[in-house]
Amino acid sequence: MKIVAICGAGIGSSGILKVNAERVLARLGLEADVTAAHLSSLSTDAADAQVILTSAEFVDAIGPTNADVIVIENYFDTAELARKLEESLG
């Protein structure tokens, strides 16, 4: 499974989201390749992603995708991240 964390630059908030997603996935016993990316590389980095993690401000810029787009309100809230990943991944 491929999960891509998206932000504007691909180095700050997406990096934080990537690390927290990896921690949550480990706690849930799930394996995934999690990467951090920026909006301009979205078409290549997220082309085969099953899940895209991002904030509400970037949802419209993502455009059409086959991935499940999960909006995260607080990148530091691992409980929110765990709940939303569990809902998405079933």
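## A walk through the fold, starting at helix H1

Start by selecting Arg23, Ala26 and Arg27: these residues are exposed, on the other side of helix H1 from its buried ones. Keep in mind as you go that this is a predicted model.

**Stop 1: along helix H1**

Now select residues 13-28, which make up helix H1. How far apart should its ends be? At 1.5 Å a residue, its 16 residues should span 22 Å, and the end C-alpha atoms are indeed 22 Å apart, so the expected and modelled values agree.

Next, colour Ser14, Leu17, Asn20, Ala21, Val24 and Leu25, the buried residues of H1. Turn the view until you look down the axis of H1: the buried residues fall within an arc of 140°, so they line one face of the helix.

What covers that face? Show strand S1 (2-7), strand S2 (33-38), strand S3 (51-54) and helix H4 (78-89), which are among the elements covering the buried residues of H1. Then step past the end of the helix to Gly29, which follows H1 and has a positive phi, near 75°.

**Stop 2: the whole chain**

Zoom out and switch to a cartoon view. The protein chain has four helices and four strands. Follow them from the N terminus and you will pass through β-α-β-α-β-α-β-α. The C-alpha trace spans about 30 × 25 × 20 Å along its principal axes. A compact globule of 90 residues would have a radius of gyration near 12 Å; this chain has 11 Å, which agrees.

If you turn on the surface, you are looking at about 4,800 Å² of accessible area, with 50% of it belonging to carbon and sulfur atoms. Of the 90 residues, 39% count as buried. Among contacts with a separation of 6 or more, 56% are between residues 24 or more positions apart.

**Stop 3: the nonpolar cores**

Hide the surface and select Ile3, Leu17, Leu53, Ile72, Leu81 and Leu85. These residues have the most contacts inside the largest nonpolar core, which has 15 residues. Which elements supply at least two residues each? They are S1, H1, S3 and H4. The largest share, four residues, comes from H1.

A second, separate core has nine residues, including Val4, Ala37, Ala49 and Ile52. Show these as sticks in another colour.

For a single residue from the largest core, centre on Ile72. Leaving out residues up to four places away in sequence, Ile72 touches Leu17, Leu53, Thr54, Ser55, Glu80, Leu81 and Lys84.

**Stop 4: Ala37 and Cys7**

Go on to Ala37, which lies in strand S2. Is Ala37 buried or exposed? Its relative accessibility is 2%, and because buried means under 20%, Ala37 counts as buried. Draw a distance from its C-alpha atom to that of Gly15: the two residues are 22 apart along the chain, and these atoms are separated by 8.2 Å.

Finish at Cys7, in strand S1. With 3% relative accessibility, Cys7 counts as buried too. What does Cys7 contact, leaving aside its neighbours within four places in sequence? Select Gly12, Ser13, Ser14, Ala37, His38, Leu39 and Phe58 to see its partners. For a last distance, try Cys7 to Lys18: these residues are eleven apart along the chain, and their C-alpha atoms are separated by 11 Å.

Note on methods
Residues numbered from 1 in each chain as written. Predicted model: local features only at pLDDT ≥ 70, side-chain atom pairs only at ≥ 80, totals over all residues. Heavy atoms only, no water. Expected span 1.5 Å × (residues − 1). Buried < 20%, exposed > 50% of the residue type's maximum accessible area, 1.4 Å probe, protein only. Arc of directions from axis to C-beta. Contact = heavy atoms within 4.5 Å. Rg over C-alpha atoms; globule rule 2.2 N^0.38 Å. Areas by Shrake-Rupley, 256 points an atom, 1.4 Å probe, with all protein chains shown as cover. Core = buried A, V, L, I, M, F, W, Y, C linked by side-chain atoms within 4.5 Å.
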